[in-house]
Amino acid sequence: MASTPEERIRELGLELPEVVAPLASYVPTMRTGSLVYTSGQVPFVKGELHVFGKVGAEVDLDQAVEQARVCALNCVAALKAEVGELSRVTRIVKVVGFVASAPDFYGQPQVINGASDLLGEIFGPAGTHARSAVGVAVLPRNVPVEVELIAEVS
């Protein structure tokens, strides 16, 4: 395993994106003491959204899992912008994932595993976290997934 989270991101063939400018009245992160809260991140890739609709209807499970990974990577980018180096993250404390769900879709935990698994790949044992996976009727811009997290930093 690589020595820093940034190196692990590169080993995964990923690149941290630019932090998306807020779409409304909020900031991408808020730090209080040793905790950093990210705002909810949607699956922007290079400033664009590519997948729309409800999981279990227009979006299948595999697509949704990938979208959750993109959201988590956007959270990590916001976190890095706040703290400078990701090696300052001592623990991912909590992840909350929202899944725009068709009425008969019940796989929200499997969707948000995409985010949780990526955080584990990036941060190792420090990426283990508490979590909520919530089904919702609709998300901003008709995206299928949104993820936010709380991280403890040194």
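## Starting point: a helix residue

A helix here is a DSSP run of H or I that is at least four residues long, numbered from the N terminus. Leu-79 lies in one of these, helix α2. The model is a predicted one.

Is Leu-79 buried or exposed? Buried means under 20% relative accessible area. Leu-79 has 0% relative accessibility, so it counts as buried. Set aside its neighbours within four places in sequence, and Leu-79 still has contacts. They are Thr-29, Val-36, Leu-86, Val-89, Ile-92, Phe-123, Leu-149 and Ala-151. Val-93 is 14 residues from Leu-79 along the chain, and their C-alpha atoms are separated by 13 Å.

## The sheet

Now the strands. In general, strands of a sheet pair through backbone hydrogen bonds, either parallel or antiparallel. This model has an open sheet of 5 strands with mixed pairing. The strand order is β1-β2-β5-β3-β4. Which strands sit at the edges? They are β1 (29-32) and β4 (130-136), and each pairs on one side only. Neighbouring strands of the sheet are turned by 15 degrees against each other on average, direction ignored.

Strand β5 (residues 145-153) runs antiparallel to β3 (residues 89-100), and 9 bridges join the two. One residue to find is Lys-94: its bridge partner in β5 is Ile-150. Strand β5 also runs antiparallel to β2, with 3 bridges between them. Here Leu-35 stands opposite Glu-152 in β5.

## The hairpin and Ser-34

Strands β1 and β2 run antiparallel and are joined by 4 bridges. Thr-29 has Thr-38 in β2 as its bridge partner. The two strands form a hairpin with 2 residues between them. Gly-33 is in the turn and has a positive phi of about 60 degrees.

Ser-34 is in the loop between β1 and β2. Its relative accessibility is 32%, which means that Ser-34 counts as partly exposed. Not counting residues up to four places away in sequence, Ser-34 touches Ala-151, Glu-152 and Val-153. Val-89 is 55 residues from Ser-34 along the chain, yet their C-alpha atoms are separated by 9.5 Å.

Follow the side chains along β2, and they alternate. Val-36 and Thr-38 point to one face and are buried. Leu-35 and Tyr-37 point to the other face and are not buried.

## Helices on the sheet

Helix α2 (residues 61-83) lies across β1, β2 (35-38), β3 and β5. Helix α2 runs at about 35 degrees to β5. Helix α3 (residues 108-123) packs on the sheet too, touching β3, β4 and β5. The direction of α3 makes about 155 degrees with that of β3.

## Where the two helices meet

How do the axes of α2 and α3 cross? They come within 7 Å and cross at roughly 45 degrees. An angle that is neither under 35 nor over 145 degrees, and not from 65 to 115, counts as oblique. That is why α2 is oblique to α3. The crossing is right-handed.

Many residues make this contact. From α2 they include Leu-61, Ala-64, Ala-68, Leu-73, Val-76 and Leu-79. From α3 they include Val-111, Ile-112, Gly-114, Leu-118, Ile-122 and Phe-123. By class, the contact has 15 nonpolar, 2 polar and 2 charged residues. Leu-79 of α2 takes part here, and Phe-123 is among its contacts.

Technical notes
Residues are numbered from 1 along each chain as its sequence is written. This is a predicted model: local features need pLDDT of at least 70, side-chain atom pairs count only at pLDDT 80 or more; totals for chains, interfaces and linings use all residues. Side-chain values use heavy atoms; hydrogens and water are left out. Two strands pair if DSSP finds at least two bridges between them. Axes are lines fitted to C-alpha atoms, for helices over the stretch in contact, and angles run from 0 to 180 degrees between N-to-C directions. Contact means heavy atoms within 4.5 Å. A crossing is left-handed if the near helix is turned anticlockwise from the far one by less than a right angle, and right-handed if clockwise. Ala, Val, Leu, Ile, Met, Phe, Trp, Tyr, Cys and Pro count as nonpolar, Asp, Glu, Lys and Arg as charged, and the others, Gly among them, as polar. Buried means under 20% relative accessible area, exposed over 50%, partly exposed in between (1.4 Å probe, protein chains only).
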